[in-house]
Amino acid sequence: MTDRLYVAPPFAADDGDDIISASLLAGAVVLCCLPYLVFGPIAAPSQVQPWAALLCWAFVLHRVLTSSLRINGFQLLVLAFALWFMLYVNDPGNVGLDYYLRRSASFVICWAIIVAAPYVSPILLWRVLTITLPLWSGFAVLGFVSKGLYLAITKPLVPTAQGVAGGRGATGLAPEATDFGFTMAFMVLLALITRKVLSDRGYKVPAWPIGLALFNVALSQSGSGFFAVIVLGGLFYLTREGAGSRADIRGAVAFRLLAAGGVAAALVLTIGMAPETGVRGLDLVILSLRSPSGLLNTTLSYRIVHNAVGILGMIDSRLMGYGAGSFLKVGAQLYAQYDLGRFFGLTGYYAASVPLSFTGSPVAYFPVLFLEYGLAGLAFVLLLFRTVSLSALPYVPLALAMMFMTWVQSFPAAYPPFWLLIGLALNPGFRTGNRSALPAVPAHREMAA
């Protein structure tokens, strides 16, 4: 089979493939892979730009007006949830308009991404990754070489970029090292999925984008990035395909579990005697293995407490939720009511700073959904995860883990890679194990790799 890569729409040719649709879709995918670029009159205070979603809306409207648009029941159900999240406000007088719009309207805005993503071809996403990943690397390396030059170039693009400071790693084209590291872990997943799809079609696809994304995670020195890569690597090892019967595959998985358990035990024993490395991400991994309770004296304490508050809020509201925009106010009350600082054994700096975090922004998104929308929020989460779990997307366990890690942390509802991943799960062009479902390769669309 030819080694040439190609561009092909995931649906039939009569669905339309005009230059405007193609340009809007390509621009949206680029911005999904560069989620923190802030420009123009709309600069989201959450630091995540809305332009990827808005370009997807433009794509959706253009197709409605000029050709056709496919929308399935899942997408309509997500839209219904998104509208409910905007309308369910129990105490409008105590909810700031800015906070309300950023939190509740995010779902409506990002809905267009899961409608547009099924039109993304694997080669489009692959080429975007091969363009954007070197950009991330270049800015990260520049941050180590010259912080002054880095900030001078980056600030117009990412106004809140911090650069290498305070013992933390590079920030690349993101505000903080955590954002950079975790986003690069997300790019590892997207690259794995896309490469798998193209390889299944018989095309030779280089592996360097995956290696470059891993290199960027290392540059970030981010605990979130390191944890995400370790989880992805472990799941990749445990769930990778094997030849033979189902019994053979079950035996292989059992062997991998035993091997992984042995390696983990050896790591725990070895790391228990290891000194600090000075690399923040590695030190957090070492701390989590040596003394898990010690993580409560790190920034992880904010996420643990906020997630606990979300569950308590859903229970206290009798599963109805307190309404859009209520998390910070009600969360602070629940923190004091249940004396969570004492319950989690917070001391020193974090004993004072964790309760103050309820005056800023939530540092995890699961608790926001649970506290503000109750059972509706839980049902929404289950809907998203169930849809991806039942899809034919490559590496489904890795995708589910990445989705979980996104919302258990401080990444906002409008984080574009999250919605792009869900949209790809609906994309016939990203199915694996069913070659007949893959579109034909028109000769006039072939292009060199």
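Here are some short exercises on this structure, each with a worked solution.

Before you start, note that this is a predicted model, in which local features need pLDDT of at least 70 and side-chain atom pairs count only at pLDDT 80 or more, while totals for chains, interfaces and linings use all residues. Residues are numbered from 1 along each chain as its sequence is written, and side-chain values use heavy atoms, with hydrogens and water left out.

**Exercise 1: a helix and its surroundings**

Work out how many residues of helix α16 are buried, and what that says about the helix.

Step 1. Get the terms straight. Helices are DSSP runs (H or I, at least four residues), numbered from the N terminus, and strands are E runs of at least two. Buried means under 20% relative accessible area, exposed means over 50%, and partly exposed is in between (1.4 Å probe, protein chains only).

Step 2. Find the helix: α16 covers residues 366-373.

Step 3. Go through its buried residues: F366, P367, V368, L369, F370, L371, E372 and Y373.

Step 4. That makes 8 of the 8 residues buried, so α16 is largely enclosed by the rest of the structure.

Step 5. Now step just past the end of α16, where G374 takes a positive phi of about 60 degrees.

**Exercise 2: a salt bridge**

Find the partner of D200 in a salt bridge, and say which helix holds the two residues.

Step 1. Start with the rule: a salt bridge is a side-chain nitrogen of Lys or Arg within 4 Å of a carboxyl oxygen of Asp or Glu. Side chains of opposite charge can pair when their charged atoms come close.

Step 2. Apply the rule, and the count comes to 1 salt bridge. The side chain of D200 meets that of K196, at 3.3 Å from N to O.

Step 3. Place the pair: both lie in helix α7 (residues 177-200), 4 residues apart, which is about one turn of the helix.

Step 4. Check the cover. D200 is partly exposed, at 22% relative accessible area, whereas K196 counts as buried at 18%.

**Exercise 3: two helix pairs**

For α17 with α19, and then for α12 with α15, give the packing angle and the handedness of the crossing.

Step 1. Know how the angle is made: axes are lines fitted to C-alpha atoms, for helices over the stretch in contact, and angles run from 0 to 180 degrees between N-to-C directions.

Step 2. Take α17 (residues 375-389) and α19 (residues 416-425): they pack at about 50 degrees, with axes 9 Å apart.

Step 3. Sort that angle. Under 35 degrees counts as roughly parallel, over 145 as roughly antiparallel, 65 to 115 as roughly perpendicular, and the rest as oblique. The α17 and α19 pair is therefore oblique.

Step 4. Add the handedness. A crossing is left-handed if the near helix is turned anticlockwise from the far one by less than a right angle, and right-handed if clockwise. α17 passes α19 in a left-handed crossing.

Step 5. Repeat for α12 (residues 300-316) and α15 (residues 348-356): the angle is about 45 degrees, with axes 10 Å apart. These two helices are therefore oblique to each other, and α12 passes α15 in a right-handed crossing.

**Exercise 4: residues on and after α12**

Compare I315 and L319: which is exposed, and which is partly exposed?

Step 1. I315 lies in helix α12 and is exposed, with a relative accessible area of 52%.

Step 2. L319 sits in the loop between α12 and α13 (327-337) and is partly exposed, at 37%.

Step 3. Look at the backbone too: L319 has a positive phi of about 70 degrees although it is not a glycine.

Step 4. Link back to α16: the C-alpha atoms of I315 and F370 are 9.0 Å apart, with their positions 55 residues apart along the chain.

**Exercise 5: contacts across the chain**

Say where A399 lies, and how far its C-alpha atom is from that of F186.

Step 1. A399 lies in helix α18 (residues 396-407).

Step 2. A399 is buried, with a relative accessible area of 0%.

Step 3. F186 is 213 residues away along the chain, yet the two C-alpha atoms are separated by 9.1 Å.
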